[in-house]
Amino acid sequence: MLDFSNTLNLPLIWGAIILLAIAIYVILDGFDLGVGILFLFAPSEECKNKMINSIAPFWDGNETWLVLGGGVLFAAFPMAYAIISPAVYLPILFMLVALIFRGVAFEFRFKASAEYRKIWDMSFHYGSVFAAFMQGVILGSIVQGVSVDNSRFAGKAFDWLSAFSVVTGIALVMGYALLGATWIIMKSSATTQNWARRVASYLIVHVLFFMAIVCLWMPFIDDAIYARWFLWPNCLYVAVIPLVTIYVSSRLIHAIRANYEYEPFFMTIALFMLGFLGLLISLWPYIVPRSVTFTQAAASPKSLSIMLVGVTIALPVILLYTGYNYYVFRGKADAASMYK
Amino acid sequence: MLDWYNPVFLSRVQFAFVISFHIIFPALTIGLASWLAVLEALWLKTKHPIYKEIFHHWVKIFSVCFGMGVVSGVVMSYQFGTNWSEFSYKAGNVIGPLLAFEVLTAFFLEASFLGVMLFGWDRVSERAHFFATLMVAIGTCVSSFWILSVNSWMHTPAGFIKDASGVFLPASWMEIIFNPSFLYRLTHMLLAAYLSTAFFAAAVSAGYLLKKKHIAHARVIFAMSMFIVVSLTPLQIIAGHAHGINTLKHQPVKVAAMEGIWDSEHGAPFKIIGWPDSKAETTRYSIEIPYASSLVLTNSLHGKVRGLKEWERAERPPVLVVFWSFRIMLAMATLMLLVGIIAVVKYLNKTLFKAGHFHKFCMIMGPSGLLALLAGWVTTEVGRQPWVIYNHLLTKNAASAVSAYEVSISLLAFILVYSIVFSAGIFYIFKLIKKGPKAGDWHDDYGTHGLAHPLTIYDIFLGHK
């Protein structure tokens, strides 16, 4: 039976794959959740239509990365999946409910009469806000650590709720909103674009503020994280990250002010990736922080090997047709209904 | 505390509720996607606008179903972990890769090409658009392949070994994927999806014919759905029977519950109706067809059918539920066959489209496919109890270490949210149906092509004079 464990470090490869899946999810669903977060603030009905049309062909594919994330965690790290899922039972529930309200709003909004459309607009907006917030809470509570006994979750129903997880929740809402705003800058023109630019320059301040809070808070959650960031000589190497972050932020602010159309979005992505990298440095090598490592939680070599074959073939194809989809719907979004 | 107020039972109720709600939409999207691909192919071949108009109308209904399928499907992929973490932990090595393959080979395919299928009509070439529709249709079928493989493995686990702590490890992927009940279950489910869709579309078009609205479109839809009903209902009955025989081989206690037979007997009758009483270990008030059960299950009038008493009480599934859900499915199958027979007679009489009682019957039969499908799933899933992985892992040992309190919150939340979303979804689907297809001005020459006259299958599917 297929087994690469003699030649490859399978848990490490699968750790990398799951990080890639999460990163792609955060970027892709991040911008369409962000559009939802900003939706009710849009200045006009036409602007709203443009916003929703700019993401309608993509949201479904974007959300599939969340399913992939859950699926890969289940398949490649079943122990971690079995510990984390019950630990964040209620936040996952709230996120799913929010995603339901938001997902159906796309379809129902197109079909609703004018007065009911407002209800689905609200469903879309609040669904996006809550889904983003809950994702941040889930992230924050995992970073803080989950109580584990005998490879099982051993905590209580509300362990996930803390000041830190609420802050990461708000931070993620702000971050997604910025991704959404810069996406709209790229996909719209005139009034809508001007509005999005104003929103983006407002949001960038908040995003940087919350990023700073989370970064300064994290080292005090655990000594090991503190040591990794502040003790000599490590601090010398990891200092690259805050420095690059400062550079990227200044480029982003400049790009928004200088009316660039594409750069703000890609600089926001860079900002997200830097945050992601920072998180990774703090948590490595744990998948359930400070309890279970990637290697401990990994599935059997045979399971990981067969999936590696699958992913090596499927992932490039997926990226190819995802790219094709973005190519087909390139350019500025229209306000008219997209159904023929 | 009440005996149902525990996380295992509440999680079971939640899973049953959430998956029953979910399966309706994939079933319809499997059928609709394939049908839309056929419609688009017909349009490309004949260039007759009627196919395009039906496509544009039904693609909207499809997208509502698809959207509801996606949002309820995301819930499914997280429930394994939140409510059944012990199952996930023990079985993750074996079924995890299959679920991952479902995401990689099907979900992305459907979700990405859906954009082009729904919104890309004017942005890509006709062929590229057809390709997108085809990919979505293939994606729905590939998705069923993997998920039914997983489900079948839970019924007839194969190709694995268990380590000291009870974790299932893969030994042969071929044996895992193509486990003994998989191909039976896959065939039965795909046919069920196509039939459910056909009965749904038949009901809609029968309604148009009765109201004398959108008649040209209704005839095409009605003829196509009757074609599916007539050809697939008998096949489905054969496939269902084969699946039953397969179940008899691997899960005989489930079949005993379906039959409501307690004592093993030779020449066992089939109970058309009855009331199985698990405490008294008997089926009361039954109306029976002599020898039928033995004949169907053993191919002989006097063959031996094993009764429930051959198993310990703790190993038996809840008999009443399994017995009745199976009969609901059989009743639907009988009525569906009746529709098929009447359709053939009416077709030969050249009165298939003449508005009448048959069309009213078809309207009532609209949900019959979905009802049969749900009843069938209840039969097989409840029939597997008390096991979650048959003969290897008990359902009560598979749940997460969460509190009944948390599960009650989530269960209530799902019931509430799904009721709202489901009602809204049905409402918008009905609104779309009521609005009907946008017809072009080609109807003047309507009488000159094949559909005005008693039609042949060739006329419907291949061309117009």
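Visitor: Is the crossing of α2(B) and α3(B) left-handed or right-handed?
Guide: Good place to start, and please keep in mind that this is a predicted model. The two helices are α2(B), residues 49-83, and α3(B), residues 85-119. Their crossing is left-handed.

Visitor: How are α2(B) and α3(B) oriented to each other, roughly parallel or roughly antiparallel?
Guide: The axes of α2(B) and α3(B) are 11 Å apart and make an angle of about 160 degrees. An angle over 145 degrees counts as roughly antiparallel. That makes the arrangement of α2(B) and α3(B) roughly antiparallel.

Visitor: Which residues of α3(B) does α2(B) meet?
Guide: From α2(B) come Val59(B), Ser63(B), Phe66(B), Phe80(B) and Gly81(B). Their partners in α3(B) are Ser85(B), Phe87(B), Ser88(B), Leu114(B), Met117(B) and Leu118(B).

Visitor: Which element gives the most to the side of chain B that touches chain A?
Guide: In the contact between the chains, 64 residues of chain B meet 57 residues of chain A. On the chain B side, α2, α3, β2 (168-170) and α13 (404-435) each supply at least two residues. The element that gives the most, with 24 residues, is α3(B).

Visitor: Which helix gives the most to the largest nonpolar core?
Guide: The largest nonpolar core has 260 residues, and Ala76(A) and Ala80(A) have the most contacts inside it. The helix that gives the most to this core, with 22 residues, is α3(B).

Visitor: What is Ala76(A) in contact with, leaving aside its neighbours within four places in sequence?
Guide: Ala76(A) is one of the two residues with the most contacts inside the largest nonpolar core. As general background, nonpolar side chains tend to be buried together in soluble globular proteins. Beyond its sequence neighbours, Ala76(A) is in contact with Trp14(A), Ile18(A), Ala298(A), Ala299(A), Leu304(A) and Met307(A).

Visitor: How do α7(B) and α10(B) lie to each other, roughly antiparallel or oblique?
Guide: Helices α7(B), residues 215-250, and α10(B), residues 319-348, pack with their axes 9 Å apart and at an angle of about 135 degrees. Their crossing is left-handed. Among the residues that meet are Met226(B) and Val229(B) in α7(B), with Ala333(B) and Met336(B) in α10(B). At that angle, α7(B) and α10(B) are therefore oblique.

Visitor: Is Leu190(B) buried or exposed?
Guide: Leu190(B) lies in helix α6(B), residues 182-211. Not counting residues up to four places away in sequence, Leu190(B) touches Ile30(B), Cys141(B) and Ser144(B). A residue is buried if 20 or more other C-beta atoms lie within 10 Å of its own. Leu190(B) has 22 such neighbours, so the residue counts as buried.

Visitor: How far apart in space are Leu190(B) and Gln236(B), C-alpha to C-alpha?
Guide: Leu190(B) sits in helix α6(B). In sequence, Leu190(B) and Gln236(B) are 46 residues apart. In space, their C-alpha atoms are separated by 9.4 Å.

Visitor: Where is Pro386(B), which a cis peptide bond joins to Gln385(B)?
Guide: Most peptide bonds are trans. The bond between Gln385(B) and Pro386(B) is cis, with omega at about 5 degrees. Pro386(B) is in the chain B loop between α12 and β7 (387-389).

Visitor: What about Trp284(A) and Pro285(A): is their peptide bond cis or trans?
Guide: Pro285(A) is found in chain A, in the loop between α12 (263-283) and β3 (286-288). With omega near 0 degrees, the peptide bond from Trp284(A) to Pro285(A) is cis.

Visitor: Is Lys212(B) buried or exposed?
Guide: Lys212(B) is in the loop between α6 and α7 of chain B. Its phi is positive, about 55 degrees, although Lys212(B) is not a glycine. A residue with 12 or fewer other C-beta atoms within 10 Å counts as exposed. Lys212(B) has 9, so the residue is exposed.

Visitor: Where in chain B is confidence lowest?
Guide: Chain B averages a pLDDT of 91, and 94% of the residues score at least 70. Over residues 444-458 of chain B, however, the pLDDT is below 50. Helix α12(B), residues 368-384, has the highest mean, at 97. The lowest, at a mean of 51, belongs to helix α14(B), residues 457-461.

Technical notes: Residues are numbered from 1 along each chain as its sequence is written. Chains are lettered from A and ligands numbered from 1 in the order in which they are written. This is a predicted model: local features need pLDDT of at least 70, side-chain atom pairs count only at pLDDT 80 or more; totals for chains, interfaces and linings use all residues. pLDDT is the predictor's confidence in each residue, from 0 to 100. Helices (H or I, at least four residues) and strands (E, at least two) are DSSP runs, numbered from the N terminus. Two residues are in contact if their C-beta atoms, placed from the backbone, lie within 7 Å. A nonpolar core is a set of buried Ala, Val, Leu, Ile, Met, Phe, Trp, Tyr and Cys residues joined through C-beta atoms within 7 Å. Axes are lines fitted to C-alpha atoms, for helices over the stretch in contact, and angles run from 0 to 180 degrees between N-to-C directions. Angles under 35 degrees count as roughly parallel, over 145 as roughly antiparallel, 65 to 115 as roughly perpendicular and the rest as oblique. A crossing is left-handed if the near helix is turned anticlockwise from the far one by less than a right angle, and right-handed if clockwise.
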